[in-house]
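Welcome, and please take a moment with the sequence and the model below. We will walk through them together, one part at a time.

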There are 2 protein chains.
Amino acid sequence: MDDRALLDIIRPVCGNDTCSDDCAILPLPCGTLVTSTDMLHERSDFPAGMTGWQIGWMSVAVTISDIAAMGAEPLQIVLAIGLDTEERLAEIVLGAQACCEAYGAVYAGGDLDAHSELTLVSTGVGIIRDGEPVRRAGAKPGDIICVTGTLGRAILGLTGDSRFWKDLCEPQPRVREGTLARLAGATAMMDISDGLAISLYDIAAESHVGMEISSGQIPLPPNADMNLALDAALYGGGDFELLFFISEENIKNLTFPVTQIGRVSKSLKITMDGMKLPKKGYLHHW
Amino acid sequence: MDDRALLDIIRPVCGNDTCSDDCAILPLPCGTLVTSTDMLHERSDFPAGMTGWQIGWMSVAVTISDIAAMGAEPLQIVLAIGLDTEERLAEIVLGAQACCEAYGAVYAGGDLDAHSELTLVSTGVGIIRDGEPVRRAGAKPGDIICVTGTLGRAILGLTGDSRFWKDLCEPQPRVREGTLARLAGATAMMDISDGLAISLYDIAAESHVGMEISSGQIPLPPNADMNLALDAALYGGGDFELLFFISEENIKNLTFPVTQIGRVSKSLKITMDGMKLPKKGYLHHW
């Protein structure tokens with residue numbers, strides 16, 4: 001069983017609406033709060049060679065990316081740290097704080113615990129003061145499929161291309177782009193941290209639509225092995241770029257660089273170059 | 001090194017103000033948000049025999065207790081679940097949701113992960129719409145030291161007194177009492193989940209005061225071994241009662257049962273029956 005199958009156990013309990021986005025949504029009189037929590041731990045999330053500072057940075061960045069994917073502004077991060085050894089604490093905390101500072105959030109402490117394996121859970125609160133969050137449900141047939149940045153860098157870094165090591169260890173969440181996409185009229189959005197293919201399936205399931213993308217349009221890093229890079233972009237993980245959907249009419253409102261990789265269709269099929277796109281990605285398995 | 005010593009590594013980074021309370025504090029135009037995060041895991045936090053439902057309940061209850069200790073109303077809980085086996089998920093989630101529901105919070109999903117040891121991190125957001133949070137700093141010489149409920153039950157349950165097993169596994173955070181204490185004018189507050197003694201030290205350090213308590217006034221469960229119960233109350237953990245401080249003038253405003261166990265002093269000493277109270281409690285060690 002993988003984590004998307006397990007999520008189906010939780011759905012009936014907390015309601016489909018609650019389990020379907022990068023963040024939980026809480027409307028308040030002065031804005032809409034969005035909250036995201038992410039567990040990372042040594043064996044599955046921190047490649048050997050990552051520094052403590054990078055571990056702290058990454059733990060915060062993954063959560064800020066989820067907030068960005070709602071089109072929200074990050075306000076505050078709390079970090080629960082399960083430490084195997086006390087030596088790494090100071091570095092981890094400095095990396096966490098640097099990431100908060102880079103994206104305008106407050107690092108507001110958290111919890112300290114002893115754990116057999118280094119385990120970090122960052123939880124972030126963000127706010128939208130001038131509108132509604134962009135959700136996974138909302139993509140409409142005819143919408144253009146857009147991504148930010150270039151994809152596949154994290155897996156290329158993980159598999160030995162040292163030019164991309166920093167992309168893997170110090171992801172840069174797309175906070176500004178998330179807000180601008182929302183203001184431009186994005187109909188659905190999420191980050192592609194589990195890979196592009198599974199993210200297309202996630203949005204398609206929530207929006208009850210299909211997707212048609214072209215492999216040649218997927219933005220890959222220059223000078224990389226194109227076969228490896230395409231595979232990493234589609235089925236890898238660790239790229240904290242945004243995937244969003246916007247009508248042809250509204251695409252002119254975008255004020256930052258994006259790449260158009262395809263169109264939303266009515267058909268419920270997810271295809272690349274006219275063939276079924278495999279539903280694979282970064283998943284936890286039990 | 002224990003977790004309070006390690007906290008001193010974090011203090012300079014996130015600011016003393018941020019590291020000093022049960023919750024992080026975030027003022028918004030429509031109220032003050034408080035956020036707490038707590039990591040629990042099998043080996044150190046879930047005694048053998050606890051059900052999955054109780055594990056879910058407890059994980060949420062500890063966080064709601066921190067929110068209560070600020071005098072706030074819990075709004076929303078997210079749960080990051082690191083699962084060793086998928087079998088327990090449904091039960092855990094049902095227990096978590098039951099606790100949210102009992103205290104008026106929304107269980108809003110979270111994160112699922114595979115982990116070698118069952119690890120739960122619950123993060124809660126609460127709000128105060130009509131005033132300021134009660135912090136650890138604020139107790140004043142002359143204030144009366146108050147506690148809710150009876151203390152020591154959790155450790156008695158853990159060490160074999162089956163009458164208290166449910167107190168250990170299904171703690172009942174004092175949400176109503178926390179808000180009423182704040183409205184009555186409590187000057188400082190925290191929960192005593194790490195034991196009464198260490199909590200008195202925590203408040204004394206933040207408020208720059210001393211404490212004088214009487215062992216005979218500490219409320220213990222009826223029919224328990226009094227020596228064991230007193231030791232459990234002072235130095236054990238797992239009792240999610242509130243410790244708060246209030247002036248003699250304001251104590252008449254309290255509208256719920258409390259026990260007065262002593263007085264705040266100017267002297268900076270923490271004493272019980274006139275003797276120095278050992279600074280011991282539930283601490284993680286590395």
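**A walk through the two chains**

Let us begin with one pair of residues: B:Leu28 has B:Gly31, in strand 2 of chain B, as its bridge partner. Before going further, please note that this is a predicted model, in which local features need pLDDT of at least 70, side-chain atom pairs count only at pLDDT 80 or more, and totals for chains, interfaces and linings use all residues. Residues are numbered from 1 along each chain as its sequence is written, while chains are lettered from A and ligands numbered from 1 in the order in which they are written.

The pair belongs to a hairpin made by strand 1 and strand 2 of chain B, with two residues between them. Strand 1 (residues 24–28) and strand 2 (residues 31–41) of chain B are antiparallel and joined over five bridges. Here helices (H or I, at least four residues) and strands (E, at least two) are DSSP runs numbered from the N terminus, and two strands pair if DSSP finds at least two bridges between them. In a regular strand the side chains alternate between the two faces of the sheet.

Now step back to see how the chains meet. Contact between them involves 52 residues of chain A and 52 residues of chain B, where two residues are in contact if their C-beta atoms, placed from the backbone, lie within 7 Å. On the side of chain A that touches chain B, the elements giving two or more residues include helix 1 (3–14), strand 3 (73–83) and helix 4 (89–102) of chain A. Strand 4 of chain A gives the most to this side, with eight residues. By class, the side of chain A that touches chain B has 29 nonpolar, 17 polar and six charged residues. In this count Ala, Val, Leu, Ile, Met, Phe, Trp, Tyr, Cys and Pro are nonpolar, Asp, Glu, Lys and Arg are charged, and the others, Gly among them, are polar.

How are the copies related? Two copies of a chain are related by a rotation about an axis and a shift along it. A turn of 180° and a shift of 0.0 Å along the axis lay chain A on chain B with an RMSD of 0.0 Å, which is the relation of a two-fold axis. In chain A, the C-alpha nearest the axis belongs to A:Cys30, 2.7 Å from it. The same surface serves both copies, as 100% of the contact residues of chain A recur in chain B. For this superposition, copies are fitted by least squares on the C-alpha atoms of residues with pLDDT of at least 70 in both.

Within chain A, the domain assignment gives domain 1 (22–128) and domain 2 (144–276), with bounds from an automatic or database domain assignment. Taken over C-alpha atoms, the centres of domain 1 and domain 2 of chain A are separated by 23 Å. Their contact takes 17 residues from domain 1 and 19 residues from domain 2 of chain A. On the side of domain 1 that touches domain 2, helix 3 of chain A has the largest share, nine residues.

Next comes a sheet in chain A: seven strands form an open sheet in the order 7-9-6-10-8-11-12, with mixed pairing. Strand 7 (188–191) and strand 12 (275–276) of chain A stand at the edges, each with a single partner strand, so one side of each has no neighbour in the sheet. Strand 7 of chain A runs antiparallel to strand 9 (residues 242–246) of chain A, and four bridges join them. Among these partners, A:Asp191 is matched with A:Leu242 in strand 9 of chain A.

Finally, visit a single residue, A:Ala184, in helix 7 (residues 175–184) of chain A. Is A:Ala184 buried or exposed? A:Ala184 counts as buried because it has 20 C-beta neighbours inside 10 Å; a residue is buried if 20 or more other C-beta atoms lie within 10 Å of its own, exposed if 12 or fewer, and partly exposed in between, with C-beta atoms placed from the backbone. Not counting residues up to four places away in sequence, A:Ala184 touches A:Ile246, A:Asn250, A:Asn253 and A:Leu254. In chain B, by contrast, B:Ala102 of helix 4 (residues 89–102) is partly exposed, with 16 other C-beta atoms within 10 Å.
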